[in-house]
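Colleague: Could you take me through one part of this model at close range? I would like to see how a pair of neighbouring elements is put together, and then how that fits the whole.

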Amino acid sequence: CVPGSVSQHSARFPYYCIIFHLFYIFYAAYVNSCQLVLKHRTSVSMNFFRGVITGQATGPQPTGAETIQKLCDRVASSTLLEDRRDAVRALKSLSKKYRMEVGTQAMDHLINILQTDRSDSEILGYALDTLYNIICNDEEEEQDESEDENAQKQTDDLGAQFTEKFIQDPEHITLLLTLLEEFDFHVRWPGVKLLTALLKNQGVQVQGIVLVSPMGVSRLMDLLADSREVIRNDGLLLLQQLTKGNAAIQKIVAFENAFERLLEIISDEGCSDGGIVVEDCLLLLLNLLKNNSSNQNFFKEGSYIQKMKPWFEVGDDNSGWSAQKVTNLHLMLQLVRVMVSPVNSPGATASCQKSMYQCGLLQQLCTILMATGVPADILTETINTVSEVIRGSQVNQDYFASVNAPSNPPRPAIVVLLMSMVNERQPFVLRCAVLYCFQCFLYRNQKGQGEIVSTLLPSTIDANSISAGQLLCGGLFSVDSLSNWCAAVALAHALQDNLTQKEQLLRVQLATSLGKPPVSLLQQCTNILSQTKSEKGSKVQTRVGLLMLLCTWISNCPIAVTHFLHNQDNVPFLTAQISENLGEDERLVQGLCALLLGICIYYNDNSLENYTKEKLKQLIEKRIGKENFVEKLGFITKHELYSRAALKPQPVFPSPEQMLFDHEFTKLVKELEGVITKAVHKSSEEDKKEEEVKKTLEQHDNIVTQYKELIREQDAQIQELKEQVASMTTQTDQMQATISQQLSQIQQHKDQYNILKLKLGKDNQSQPSTQADGSQVNGLQTEELSQLREELEELRKQHTLLQTQVGDKDALIDSLKSAAQTSESSGGGSADTELLQELEALKSQVQSQLADINQLKTERQELLRRAEAGAADAAPSSDGTSDAIKELESRLSAQMSETERLKESQAGLEQQLASATSTVAILQTEKTKLQSELQESKKEQDDLLMLLADQDQKIHGLKQRLKDLGEPVEDEDDIDAREQTSDEEDEDED
């Protein structure tokens with residue numbers, strides 16, 4: 001409305017126009033006044049903020065808490081977005097210095113900003129940055145480096161308190177996950193950092209909220225696809241914190257295609273030559289795979305192991321490795337070890353080991369192992385990685401045995417590694433890694449154990465080259481106690497669970513000095529043990545290593561026990577060691593000596609008269625005492641280092657002095673401690689009874705073994721018969737298909753005969769016809785008869801083939817009959833019954849075919865008779881037709897004879913099958929009889945054991961009653977002792 005328009009209508013509406021004009025004037029004045037007030041208010045607010053930020057104020061300055069309170073009020077009460085944004089910006093600038101005040105007063109207002117001001121990315125970024133500053137402890141930790149630990153602890157507690165306050169409402173985490181979907185850099189990046197800080201402070205609680213949040217993990221996985229490297233890299237740190245110790249989230253992240261994305265990032269960044277981003281990716285991969293069998297299987301099935309091979313391609317020039325490259329390669333090796341760790345299931349580990357060999361990863365690791373210029377820590381970790389890749393895998397172990405070092409002349413990698421192990425100048429961790437590699441090479445590898453032991457035998461020693469056996473012997477008798485221990489443990493692993501090599505090692509002879517006869521390796525080990533006064537014998541580490549070697553050597557090997565006891569000095573030395581009261585350091589040696597003596601009792605075959613089981617137990621009772629012996633034996637398992645070594649196969653020790661126990665030896669101690677204790681406490685009568693029971697059980701076991709072998713052979717024969725029956729069934733199906741085809745062809749022939757018969761009838765009726773018409777009919781009949789002749793020829797060939805197949809079946813039935821004579825299974829009989837039924841069906845089909853042929857023959861004779869009746873008046877063409885019919889008759893006769901022969905062959909086959917069925921039934925009866933005899937034998941054995949137990953109980957009860965009545969009762973041990981004393985007195989008198 002303008003003044004001109006008012007004047008135009010004033011004549012008609014004078015009052016309305018005046019009122020409207022006045023209203024317009026007042027409205028314009030009101031708008032101008034509001035704008036002036038707004039400008040003034042904004043200038044005052046900005047001056048106030050500048051005063052707070054710059055500290056320039058004319059009056060008394062407010063405290064930090066007062067300023068923060070005013071800013072919080074302004075955030076809560078301001079209606080203009082610019083006003084709230086400025087207030088949040090001011091809180092952000094104060095949040096680092098006044099962390100406590102901002103956190104306690106402004107957190108709720110900041111969360112409200114995140115909920116209400118979603119449309120403005122700038123204020124969202126300020127709010128997220130402020131929350132990150134009050135929750136994160138990183139900045140405060142940097143400032144507290146020079147302060148005391150209490151202040152740092154208070155700072156950490158402050159972040160945890162604010163985190164707990166933030167996550168009290170799970171919707172706050174859900175809100176934060178929603179904000180991460182914003183592509184704006186100023187929102188997404190602070191959101192990622194804030195969620196990472198929350199996970200660091202309260203990881204378990206935040207993980208639980210993210211896990212139940214819809215699409216929570218998927219939203220975080222999208223960060224890896226962000227084109228901005230800053231967000232992607234911080235997203236890696238976020239996922240590291242998210243996946244720590246939570247298997248459920250680890251599985252979700254893995255199935256969100258995390259492996260593919262991480263491997264792509266590692267490849268794009270340059271693999272081991274990459275920067276800190278590669279390290280973050282590898283740490284995330286370790287989180288996803290470690291102790292997570294599901295993800296490990298998914299990683300293997302996804303063919304990601306093959307994509308790890310380029311990581312380990314190092315050049316010839318390995319000088320000047322950067323610290324980041326060393327870190328990256330170290331993590332890559334750890335990732336390989338996670339996939340083949342001994343703590344994984346054996347099946348999964350074996351599958352990964354197979355994949356690593358097939359894709360060339362093991363070969364690449366061996367290349368790094370033999371390369372020059374590789375840093376020591378990378379070389380050590382590579383040795384540990386190769387160890388676990390070949391552990392328990394025969395194919396990988398054989399490949400590792402074939403690896404040669406690039407030296408002149410070439411030497412096996414095993415020899416080169418053993419040279420480092422027995423060299424006291426090498427780093428301790430490297431020597432431990434080499435020992436672990438040697439142990440893994442021999443783990444469940446009897447072939448490798450034989451190759452190592454063979455290098456010690458006299459027939460295979462090469463004086464011009466250094467062998468593994470020579471290095472082990474040199475380390476075993478070195479002046480370095482750690483070399484002694486490592487060599488003893490390595491040699492013990494060459495004998496682990498291998499009776500053949502234990503016996504072979506008894507042949508090893510050592511030349512101690514010139515002019516003296518050689519001594520056996522077993523004797524030399526015991527000689528070193530007995531040198532208690534010399535420096536070598538007094539070293540606990542050396543003696544422990546030798547005792548572990550001897551215990552492993554003679555356990556479960558009676559021949560080795562006999563060799564050990566044959567030396568007259570060994571048993572007195574062991575009893576003296578066990579009976580002495582020594583210090584703490586020697587208790588372990590005493591326990592191992594007790595274990596060695598116990599093995600001599602338990603695995604003793606009583607071949608030496610002076611050291612039978614009974615005499616050794618009497619010696620223990622007189623010299624040591626049974627209770628004292630058992631107590632000394634228990635020193636082993638009570639040792640602290642024993643428990644540490646029993647945890648995992650890899651020898652990891654903080655110092656060489658603590659290197660005392662081997663993991664496999666702890667298993668041996670656990671297995672033998674109980675049985676040795678029982679063997680020491682048993683009496684001679686109990687031993688005799690136990691031996692008798694063992695002999696009886698062995699006899700029964702031999703019988704059961706024989707029956708098992710017989711049943712196994714019969715199962716193999718039955719399986720072979722089943723295969724033959726299956727083959728016969730297939731042939732029968734083929735024969736049935738052939739017969740069906742023949743039936744269809746016979747039906748076609750019948751139709752053709754009907755057509756020919758009708759045409760011949762027409763020829764007889766049309767004798768006065770012209771010569772031209774007769775020639776046309778003659779041509780048609782000749783063509784049809786030619787086609788019929790060809791089809792009958794094909795039918796004959798098919799019958800010939802059928803006869804050949806029946807002959808093959810006869811031969812197969814003969815072999816089935818001969819094989820069924822040794823069979824005891826009813827499964828073969830049922831299969832033969834099925835075959836008989838099929839042959840019955842085949843017989844009926846052939847009979848039906850024969851009936852069709854007979855009918856065809858009758859029709860052919862009738863046709864021939866008609867043709868002969870009109871032969872006098874027929875044209876010369878009818879003579880050709882008669883000849884063709886005669887030829888057809890002869891071929892049909894041949895087909896009938898062949899069908900008769902087929903019928904006779906089927907009858908013979910039925911007889912053979914009936915004979916095979918009866919033979920199988922007889923064998924089944926014999927098997928049932930054998931099984932009943934076996935059950936009776938087992939029942940007799942159980943009755944014998946029950947009878948022995950009842951007799952022992954009755955004897956014990958009678959002895960107890962005699963003792964209660966006051967009658968003297970002597971135990972069997974006392975009677976044996978008295979008899980032995982009397983024998984010794986008789987010998988003295990003699």
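Modeller: Happy to! One term to begin with: a crossing is called left-handed if the near helix is turned anticlockwise from the far one by less than a right angle. Please keep in mind that this is a predicted model.

The pair I would pick is helix H29, residues 521–530, and helix H31, residues 540–554. Two packed helices are described by the angle between their axes and the distance between the axes. Here the axes come within 10 Å and cross at roughly 145°, and H29 passes H31 in a left-handed crossing. On the H29 side, the contact is made by Leu521, Leu522, Cys525, Thr526, Ile528 and Leu529. Facing them from H31 are Arg543, Leu546, Leu547, Leu549, Leu550 and Trp553. By class, the residues of this contact are 10 nonpolar, one polar and one charged.

Trp553 also leads us outward from the pair, as it belongs to the largest nonpolar core, a set of 210 residues. Trp553 is listed there with Leu195, Leu220, Trp311, Phe312, Phe400 and Leu595 as touching the most other members. Helix H24, residues 428–442, gives the most to this core, with 12 residues. In soluble globular proteins, nonpolar side chains tend to be buried together.

For the wider setting, the protein has 44 helices and four strands, and 44% of its 990 residues count as buried. Among contacts between residues at least 6 apart in sequence, 74% join residues at least 24 apart.

Notes. Residues are numbered from 1 along each chain as its sequence is written. This is a predicted model: local features need pLDDT of at least 70, side-chain atom pairs count only at pLDDT 80 or more; totals for chains, interfaces and linings use all residues. Side-chain values use heavy atoms; hydrogens and water are left out. Axes are lines fitted to C-alpha atoms, for helices over the stretch in contact, and angles run from 0 to 180 degrees between N-to-C directions. Helices (H or I, at least four residues) and strands (E, at least two) are DSSP runs, numbered from the N terminus. Contact means heavy atoms within 4.5 Å. Ala, Val, Leu, Ile, Met, Phe, Trp, Tyr, Cys and Pro count as nonpolar, Asp, Glu, Lys and Arg as charged, and the others, Gly among them, as polar. Buried means under 20% relative accessible area, exposed over 50%, partly exposed in between (1.4 Å probe, protein chains only). A nonpolar core is a set of buried Ala, Val, Leu, Ile, Met, Phe, Trp, Tyr and Cys residues joined through side-chain atoms within 4.5 Å.
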